[in-house]
Amino acid sequence: MEGKAKKKKRGEEKLQVQYDHLSSLPDCLLHHILSFLDTKTLLLTGILSKRWRALSTSFPILHFIYSDHKFRPKTGEKLDNFVRFIDQTLLLNSNPTIKKFTLCFPYNEKCVSHVDTCIRFVMQKAIQELDLTFTGNGSYKLPSSLLKSKTLISLKLKNCVFGVRHIARFTKLTALSLSCVTLSNLVLEDLLKGCPLLEDLVMEYFMCCTRLKIGSSSLKLKRLTIKVDHYVAIDVEAPNLQFLKIDVADFGHCSFKDMLVLRDACFNASCAPSNPSEIHSSLNLSLQSLRHAGFLELSSACLQVLPIPTFQYLPPSFFKTKSLIIKTGIQKYEIPGIANLLWSSPDLENLIINLRPSSCIYVKKCMVKYDFDERKYWESLTATFPCLVHHLKTITITGFMGEGRLRSSLKVFQSNGI
Amino acid sequence: MASTSNSTSSKIITLRSSDGEVFEVEESVALESNLIRRMMEDDCANNIIPLPNVTAPIFYLVIEHCKKHAEMKDNKEKKKELRSQGEELLKSDPHTYSNLMEAVNYLDIKSLMDLTAQWLADFLKGKSPRLIRELLKIKNDFTPEEEAEILERNRWAFD
């Protein structure tokens, strides 16, 4: 009856078009819209009408993120509901392929069978992007079946354990991110061998692994991020690497093969003063391998291992760096390294000095090497830095703490007309 | 062929909507559409390009938003403004929204696909199913029992 009244007002044709044109759009379009929704709103659309119900149950992207929802006092019950809900959603999903699957919740041993079920489910549906982020104390042991996925393109794992020597075969994987993952040296080696197309590798705070060897099997690797807070020997041979970021709290052995196409490199190493001098020369050699990077960021410890430059000729292996960020306290043990870097970077255009407190990596007896007055050092320099003459355009100083030490070093720049 | 690819951005392209109206659009704006780009690559550029699936009022909207989108690239405030316009359009005229979405999809304009999808996503967020049905004129074809069952199944998410 209401319809009739409207008909008179607007005319029959117009009423029909007015009626929910949105729901008649093709599935692919509406799925595109759904991809912008969080899981909660996505499910909400499932109760609008049968059409939207079908859309939401055939949606190929599933994100289950526990923290998206408000916590209630009875967390245990809440977690049970969460897990049951995932099971049901998977059961109802009618799409033959799942593109993306995210599972992020505080894992404990009770949930192991549910997570296993999820993985089995998505594996059957030709999963392309999988993200398993487990918060909380428990670690999930990965089933060996996952390691043989022929469809996975991107895999992200947090708080997971790799079993003993399951041979991985990821024939399509291009991006791998491991955070707080437990795996042995051998398993890591096998894993990297099993990913021939890998372009992107992130390794953060891994456990049980003392040697990170990225060898000849990772020919396609373009981006590498490593973040560790314990001793790890790093061995990288990746000729096509473009982006490298390394954060190591306790620097150990390190060896890099020359990376000719490197564009961005960030090396934040710290060294304990007790480390033997071989470590220092190993770090120095590693830095030389980064010399092709146009953008370079170095920590205080990196500066300290660089030798005092001769100021006579440009070293044959000079840096091609155009932008340089150095984190330094401008202390006397860092100054020779800074001078070295500036001397051997003739193409430098931008210099950013990030001032921060630093500590010396040498034990006291070695300090004899740096027994000089840094003010006199800078003021006595008569050599002309090639970068100052040629390209250097901007110098930015951040984190300034009002120390007088900077003045003398800036005088060198001033005297060169910057 | 060579004339199309080497020309400057000030070149004007002529397009005709389904209801016969003729539009003159700058090449840089028109090339946002992958459909038009493909047609030009196939050397249809010297004639008027017909768009049989887009009506004039909708095409006006598309061009307007293409221009705005090009302007806002580095402007955060404009971006916000453009994002907030969806709410108004969806509330006042969901039918035009659907037509716009359809046209953008047909013309294959990636930036506007994402913008219009974001509009609906923002619009749906935080609204009750009843309100959404009412505003978008979606007919509820569930029986009360079916609806209760779905609600019960998804209770975890709706708490």
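This report walks through some packing, core and backbone features of a predicted model with chains A and B.

**Chain B overall**

Let's start with chain B, which has 10 helices and 3 strands. Reading from the N terminus, its elements go α-β-β-α-α-β-α-α-α-α-α-α-α. Of the 159 residues in chain B, 42% are buried. If you take the contacts in chain B between residues at least 6 apart in sequence, 58% of them join residues at least 24 apart.

**A helix pair in chain B**

Helix H4 (residues 56-71) and helix H7 (residues 110-124) of chain B pack with their axes 10 Å apart, at an angle of about 100°. Angles of 65 to 115 degrees count as roughly perpendicular, and H4(B) and H7(B) are therefore roughly perpendicular to each other. On the H4(B) side, the residues that meet H7(B) are B:Val62, B:His65, B:Cys66 and B:His69. Their counterparts in H7(B) are B:Ser111, B:Leu112, B:Leu115 and B:Trp119. Sorted by character, the residues of this contact come out as 5 nonpolar, 3 polar and no charged.

**Helix H8 of chain B**

Further along chain B sits helix H8 (residues 129-136), with B:Pro129, B:Ile132, B:Arg133, B:Leu135 and B:Leu136 as its buried residues. What covers them? Part of the cover comes from chain A, namely helix H4 (39-45). Chain B also contributes, with helix H5 (76-92), helix H6 (94-107), H7 and helix H9 (144-153) included in the cover. Right after H8(B) comes B:Lys137, with a positive phi near 60°.

**Nonpolar cores**

In soluble globular proteins, nonpolar side chains tend to be buried together. Here the largest nonpolar core holds 108 residues, and A:Phe101, A:Leu103 and A:Phe267 have the most contacts inside it. Setting aside neighbours within four places in sequence, A:Phe101 is in contact with a list of residues including A:Leu62, A:Phe64, A:Leu90, A:Val122 and A:Ile127. A:Glu129 and A:Asp131 are also among the contacts of A:Phe101. There is a second, separate core of 57 residues, and among its members are A:Leu55 and A:Phe59 from chain A and B:Ala30 and B:Leu61 from chain B.

**A buried strand in chain A**

Strand E11 (residues 232-236) of chain A has 4 of its 5 residues buried, so the rest of the structure largely encloses it. Which strands pair with E11(A)? Strand E9 (residues 211-214) of chain A does, in the parallel sense over 4 bridges. Strand E13 (residues 251-256) of chain A also pairs with E11(A) in the parallel sense, over 4 bridges. A:Val236 in E11(A) stands opposite A:Ile214, and its bridge partner in E13(A) is A:Phe256.

**Loop residues**

Is A:Thr182 buried or exposed? Its relative accessible area is 17%, under the 20% cut-off, so A:Thr182 is buried. The residue lies in the loop between strand E7 (175-179) and helix H8 (185-193) of chain A. Not counting residues up to four places away in sequence, A:Thr182 touches A:Cys160, A:Val161, A:Phe162, A:Met207 and A:Cys208.

Two other loop residues have positive phi without being glycine.

| Residue | Phi | Loop | Relative accessibility |
|---|---|---|---|
| A:Tyr205 | near 45° | between strand E8 (200-204) and E9 of chain A | 33%, partly exposed |
| B:Asp108 | near 60° | between H6 and H7 of chain B | 28%, partly exposed |

Technical notes: Residues are numbered from 1 along each chain as its sequence is written. Chains are lettered from A and ligands numbered from 1 in the order in which they are written. This is a predicted model: local features need pLDDT of at least 70, side-chain atom pairs count only at pLDDT 80 or more; totals for chains, interfaces and linings use all residues. Side-chain values use heavy atoms; hydrogens and water are left out. Axes are lines fitted to C-alpha atoms, for helices over the stretch in contact, and angles run from 0 to 180 degrees between N-to-C directions. Helices (H or I, at least four residues) and strands (E, at least two) are DSSP runs, numbered from the N terminus. Angles under 35 degrees count as roughly parallel, over 145 as roughly antiparallel, 65 to 115 as roughly perpendicular and the rest as oblique. Contact means heavy atoms within 4.5 Å. Ala, Val, Leu, Ile, Met, Phe, Trp, Tyr, Cys and Pro count as nonpolar, Asp, Glu, Lys and Arg as charged, and the others, Gly among them, as polar. A nonpolar core is a set of buried Ala, Val, Leu, Ile, Met, Phe, Trp, Tyr and Cys residues joined through side-chain atoms within 4.5 Å. Buried means under 20% relative accessible area, exposed over 50%, partly exposed in between (1.4 Å probe, protein chains only). Two strands pair if DSSP finds at least two bridges between them.
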